Amino acid sequence: MRFLFFIIFLLTNIYANTNIDFTLYKKEGKELGHTLLIIGGIHGDEPGGYFAPAFFEKHYTIKKGSVWIAPSVNIDSMIANQRGIYGDMNRKFSTISKDDKDIRNIEKIKSLILDKEVELVLNLHDGHGFYRQNYENAIFNPRAWGQATIIDQEKIHSLEKFGNLDEIATTVRDSLNRDKLFQDHHYFGVKNTETKAKDEQQQLSLTFFAVTNNKPAFAIETSKNITDLTEKVIYQLKSIEEFMRVMDIEFSRNFDLNSYKEVQNLLFDFGKIQINNNISFDLNDIRKNLRFIPLKKSDNNFVFEHSLGNSKFINGNYEIYIGNNLVTTLSPQIFDKNGSFLDVDLEIDGNIIKSKFGQILEVKKSFKVLKSPLRVNVIGFSKAGVDSEDSLVLTKSDMVSNFSIDNSTKDYRVEFYQDSKFYGMITIRFID
Ligand SMILES: [Zn+2]
């Protein structure tokens, strides 16, 4: 009996373990126009293919036409930093077995491609090497995929609009190559896989599924051999912009795409995470491990500012990811009962304020938590004989820096409890 129970437990877990559902973002212009669909992250170890659409989602505004963006359709593989932990997702568009762990996401992508509003599809990758028409060596050759716009065939004859795949890909290539490249050998090509006649593997792919359903589709491949993520994201964004120009989609952005530094700063801003609506952490500069984080036993709710944010529960801890980056690991201290309490009073640099839980408060010199029914625990401060650390004026020099949230030792946790209940956390950030 016990054995049987174990088997059933195992099976239900296997079925529960399908790839994580993905989010689709729709950016619609005020003026009507064409609709572009961008699929990112089909391969989990190709960060250019998911950081670029995530960047696009955050920093672009569409004025005319629409752009639909799915930045990361293969989240389990992205977290694992592997091509496809359930097999190659880009080989499942022709046939797929019912119990394939990617089936839900594959069906969702297919229905997006077939949506009658969608008029052109981009599938973003980092490919091996540098595509060249003639063989030069193992990195630069016709079998390589990197730095190319990929098409399955020259044309979709039945289409009036955007059916001339080769012409569009050539326009994109020429535009990219006219701009300044980070290295001369980064120049782009057009690779026609002639899928129907010559490439059985590609017949299983996303773009071939689209093309056979009369939807123009292209893969944008930056190179795995370019190790600088910022460079790859800039190339991907330049490609996307050129496709938008071809489609007469009008847009604006809140940064200079020709400024490497500016793109880099925005790209590596991982934003904040809100947990259970009563804790928040800034993920930039956060320590690799944080211990005794007051969490619930299950159903903890993680809300990320970054569209590539995910959490993974493993060995009793929560791993926090942005894309394929493990940003921090939270070791929980379990509080099954959470109290609800609207806000607390603090004195910050001499001014009394009310704050909700889950806020980050900037402090120049000192802070003091005013007395309330809640017990206060300032992590990194202790004084003999003090149970609740309220009504104390505290400065940065009162804090033990090892207990900071961040590597720069500016952020400290202030936690609020009553009886055995956790109410919430406020982060005190000392600024100079
Ligand atoms: Zn790929």
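In the predicted model, F281 makes contacts well along the chain. Leaving aside neighbours within four places in sequence, F281 is in contact with G271, K272, I273, I275, I286, L290, I293, L330, I405 and M425. F281 also belongs to the largest nonpolar core, which has 93 residues. Within this core, F281, L122 and M244 touch the most other members. The most generous contributor is helix α8, residues 229-246, with eight residues. Domain 1 (11-267) and domain 2 (270-432) both supply residues to the core, so the core lies between them. A second, separate core has 22 residues. Among them are V344, V369, V378 and M399.

The domain assignment divides the protein chain into domain 1, spanning 11-267, and domain 2, spanning 270-432. Their centres, taken over C-alpha atoms, are separated by 39 Å. Domain 1 brings 13 residues to the contact, and domain 2 brings eleven residues. An unreviewed UniProt entry lists residues 19-259 as "domain: D,L-carboxypeptidase peptidase". Over residues 19-259, helix accounts for 30% of the chain and strand for 23%. The end C-alpha atoms of that stretch are 36 Å apart.

N278 sits in the loop between β11 (272-275) and β12 (279-282). The residue is buried, because its relative accessible area of 6% falls under the 20% cut-off. Not counting residues up to four places away in sequence, N278 touches N338, F357, G358, F422, Y423, G424 and M425. M425 is thus shared: M425 is in contact with F281 and is touched by N278.

Four strands form an open sheet with mixed pairing. Their order is β13-β17-β16-β15. The edge strands are β13 (289-295) and β15 (309-314), and each pairs on one side only. From one strand to the next, the twist averages 30°. Strands of a sheet pair through backbone hydrogen bonds, in either a parallel or an antiparallel sense. For β13 and β17 (residues 325-334), the pairing is parallel and covers five bridges. L295 stands opposite I334 of β17. The contacts of F281 reach both of these strands: L290 and I293 fall within β13 (289-295), and L330 falls within β17 (residues 325-334).

Terms used
Residues are numbered from 1 along each chain as its sequence is written. This is a predicted model: local features need pLDDT of at least 70, side-chain atom pairs count only at pLDDT 80 or more; totals for chains, interfaces and linings use all residues. Side-chain values use heavy atoms; hydrogens and water are left out. Two strands pair if DSSP finds at least two bridges between them. Helices (H or I, at least four residues) and strands (E, at least two) are DSSP runs, numbered from the N terminus. Axes are lines fitted to C-alpha atoms, for helices over the stretch in contact, and angles run from 0 to 180 degrees between N-to-C directions. A nonpolar core is a set of buried Ala, Val, Leu, Ile, Met, Phe, Trp, Tyr and Cys residues joined through side-chain atoms within 4.5 Å. Buried means under 20% relative accessible area, exposed over 50%, partly exposed in between (1.4 Å probe, protein chains only). Domain bounds come from an automatic or database domain assignment. Contact means heavy atoms within 4.5 Å. UniProt positions are given in the numbering used here, feature names are shortened, and annotations may be inferred rather than shown by experiment.
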